[in-house]
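Me: I'd like to go through this one and ask how each label is earned. Could you take the terms one by one?

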Amino acid sequence: MSELSAEGATPVMAQYLEIKAAHADYLLFYRMGDFYELFFEDAAKAAEALDIALTKRGRHLGVDIPMCGVPVHAADQYLERLIRKGFRVAICEQVEDPAEARKRGSKSVVRREVVRLVTPGTLTEDSLLEPKRANTLASLGRAGGALALAAAEMSAGWFRVAAVTAEALAVELARLDPSELIVPDSLMADMALKAVLNALGGALTVLPAIKFESAAGERALKTYYGVNELAGFGSFSRAEVSAAGALIGYLELTQKGKRPALMPLKHDGVNAFMAIDAATRRNLELTQTLAGERRGSFLSVIDRTVTAAGARLLSARLAAPLTDVAAIEQRQEAVAGFADERDLCAVLREKLRQTPDIARALARLSVDRAGPRDLAALRDGIASARIVRDLVKEGQGEAETSIAALREGLAAVSGLDARLNQLLVPEPPFYARDGGFICAGAHAPLDELRQLRDESRRVIASLETRYREETGTPLKIKHNGVLGYFIEVTPQHADKLMAVYRHRQTMGGAVRFSTDELSSLANRISEAGDQALALEKQLFDEMAAAALAVATPLSALADALATLDVASGLAELALAKHYVRPKVDGSCAFAVRAGRHPVVEAALLAAHAAFVPNDCDLSGERRLWLVTGPNMAGKSTFLRQNALIAILAQMGSFVPAVSAHIGVVDRLFSRVGAGDDLAAGRSTFMVEMVETAAILNQASGKSLVILDEIGRGTATFDGLAIAWATAEHLCLKNGSRALFATHYHEMTALAERLPSLACVTMRVREWNDTIVFLHEVVPGVADRSYGIHVAKLAGLPGDVVARAQEVLAALEEGREGHKPLARIDDLPLFGAAPPPKEKSAVEDALREISPDSLSPKEALELLYKLKSLLPSGK
Ligand code: ADP
Ligand code: MG
């Protein structure tokens, strides 16, 4: 935009260019009457992104100005699309009445200001947010060579910070899953960080490094919390202050000084969570499938929450399973409590279902973007909280804590509650500006004003009757936007009125008059309306202020309700799907009896098929299980189900098994060989090896490692060699609990050399030249890979199958005699080989015949039958 000089621009354009220059990285939504208009490059970008018409408006320096616009009333939907496509938007409003501007002179321009910057991490509107997804804003700071990551969620109100290493950054970002990460431009030069940061795509916002200055950050934090020292919150490193301070600065920048209500800054306990990197999350399809959908993901199968806040909390817990045994048990206790009280659980969930989203309403109130419905959400949320408190008198574990929080929170908000109940109508409108949300009879001065406003019709009608009688004409009192109220008669009666009334207008078919009486009545009516609106707005502001004054207890209520939703939801899941409470402790145990894969099980159930449960025990001597078996036998399912069980156990849920004993897992790794990775574009052998390297470098004796067909992305011998060495390293150096699926059954030879390696295999039964998968894990080794059987099941042409069998036989012979290729060379070529005999129905029938036992008539019938069995066309 630098080439656009304000010289020679119209006054409006000059104002536009000045504001645009100050917001160069944003699309500028410039308010013009009922539209937001975009100009120049902004217009071209937005028109393309939104698929709307690009037109022209006026000229600048002799060139047409490209323009597009969106109507203000529908702006949200356009904003949403732009934000999703990675744009940032600055909203520029008219901040004075056009009439005011005219007073300064006919050429003067209405004052405009940017009132808000819309960015993905700072949204509050329901129309721009997904109800079930947290909207986290994160910030990465660096000072003195150390990095720190801060994060906040405006609706939940939490705000945390922690030191982070460059190596751990990707894992931390995967856990936080921020909608937006702000970073100083200086960090983008760091090659190690650059790749991780760029992977965020549209969620990455690069800001000038000066915004991350730690001294300024400290001041911003102190001002935000109104404290003299940060020490009251804990002790923070300079990098942490840099990250957290920049985040607060960014919130104030985007909200133009309005302050979202955040709770005191806290340290995030990084080691408090099971570390799960992005590849593992993707591979286990935790929150979305490989195809990017929520449906069919692990989360979608375990989510029985009935509120959006509960769904967000469950998702957050799934993203960050705990490592602290006591904390895990607190959660388990709550689930167990509800699972024992089935009926109570059902009633509770019915109540929760009707609870509005308190947290999001509160977030909008705190940035002055709320409407009457948000107040109603608080009112109804408080009412729900009271019912829930009375319903669940005592709970266990975190349910007990939540009920106590409800009691305390409800006491603190009782004043607000009374006020909201007194003033608000049951179902208020969306916007405060049109009024109509305060109950009749709740506020005497408002009632009077409304009466005056609403009685206008009756008062006007009676005036009309009186004037008709006085003048003896069929006059009417009408209203329009230009004249306001006026008296109207047809021209033939006009003369009579000229003497008594004030003449205003003569039209084709009508003459219009006014009287002092009518004007003053009209004034009173319109004033009453305006005053009623102003009074309602004032009451709105009072209620909003009252709500913000108790923002902390309100957040606590919202948290407690969400927690109860999650605990009771997991209890219902456990009851419905027969999950059990796992024993979680600090050991290195991993013993699952009759474990199941929740997602595969659900899919099979939908197809009326049964899931075969399987045991897994990595507790003892044999910590690494080598799983062999043909394709489609269930290896990947078995591997993943155990990883998912570990996650469920540590997020405090029950697990799909008959029993489970899990020693806390510090890190979870799950990798799929390139050949199995469906996510397009990523399926290169290189990626697979980079990821395997990460595991071998990071996995500890407390980790759980899932390796699925590693080494498959390269030539057979390379692949086997890599898989072999990887398994050895895992056993001898890492000592992690591990499941290793492979179709290289040669690897089973490792079992003799590595005491910590056990061989298991997926049972299959050969039957009539084909195979049946039993999906059962048993000790032992797959005798062969059955690849050709599977190929046959898949419908490969019969001659290809037969040919493959020949080649395989040759290869296997060669393996013993060391010259496989020479032997294969001896085989006749594909085309030269005799076509395999198809089974002939005629021959089958002939074989069945015993000629001696046939009567002549039967023999004749048989001849006809044989003829009919001949393949057609021959
Ligand atoms: P593999 O990794 O050995 O090729 P998968 O784990 O991908 O096999 O499983 C293939 C299919 O077999 C699954 O999609 C599922 O339908 C079925 N399956 C796997 N495990 C089981 C099981 N334990 N019980 C029933 N069906 C199963
Ligand atoms: Mg597989």
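Reply: Sure, what follows is a set of questions about labels and the values behind them. Keep in mind that this is a predicted model.

Me: What makes the pair S636 and ligand 1 a polar contact?

Reply: The cut-off is 3.5 Å between N or O atoms. An oxygen atom of ligand 1 sits 2.7 Å from an N or O atom in the S636 side chain, so the pair qualifies.

Me: And how do you know that H775 counts too?

Reply: Its polar side-chain atom is 3.4 Å from a nitrogen atom of ligand 1. That is within 3.5 Å, so H775 makes a polar contact. V612 takes part through its backbone: a polar atom there is 2.8 Å from a nitrogen atom of the ligand. As for cover, ligand 1 has 560 Å² of accessible area on its own, and the protein covers 80% of that.

Me: Why is V612 called part of the shell around ligand 1?

Reply: A shell residue needs a heavy atom within 4 Å. V612 is listed among the closest of the 14 residues that surround ligand 1, along with M632, K635, S636 and T637. The shell divides into eight nonpolar residues, five polar and one charged. α23 (635–650) gives the largest share, three residues, and α22 (598–606) supplies at least two.

Me: How do you know that β3 and β4 pair?

Reply: Pairing takes at least two bridges. Strand β3 (residues 55–60) and strand β4 (residues 63–71) are joined by four and run antiparallel, so they pair. One of the matches is K56 with P66 in β4. The two strands form a hairpin with two residues between them, and L61 in the turn has a positive phi of about 50°.

Me: What makes the β-α-β crossover from β10 to β11 right-handed?

Reply: Point the strands away from you: the path from the first strand over the helix to the second must run clockwise. Here the chain goes from β10 through α6 (residues 191–198) to β11, and the crossover is right-handed, so that path is clockwise. β10 and β11 run parallel, with four bridges, and P184 has L207 as its bridge partner.

Me: Why are β14 and β16 called edge strands?

Reply: The open sheet has the order β14-β15-β17-β16, with antiparallel pairing. β14 (476–480) and β16 (502–506) each have a single partner strand, so one side of each lacks a neighbour in the sheet. Neighbouring strands are turned by 40° against each other on average, direction ignored.

Me: And what makes β15 and β17 a pair?

Reply: Three bridges join them, and at least two are needed, so they pair. V489 stands opposite V511 in β17.

Terms used:
Residues are numbered from 1 along each chain as its sequence is written. Chains are lettered from A and ligands numbered from 1 in the order in which they are written. This is a predicted model: local features need pLDDT of at least 70, side-chain atom pairs count only at pLDDT 80 or more; totals for chains, interfaces and linings use all residues. Side-chain values use heavy atoms; hydrogens and water are left out. A polar contact is a pair of N or O atoms within 3.5 Å; within protein, one must be able to donate a hydrogen and the other to accept it, and residues adjacent in sequence count only if both atoms are side-chain atoms. Accessible areas come from the Shrake-Rupley method with a 1.4 Å probe; for residues, only the protein chains shown count as cover. Ala, Val, Leu, Ile, Met, Phe, Trp, Tyr, Cys and Pro count as nonpolar, Asp, Glu, Lys and Arg as charged, and the others, Gly among them, as polar. Axes are lines fitted to C-alpha atoms, for helices over the stretch in contact, and angles run from 0 to 180 degrees between N-to-C directions.
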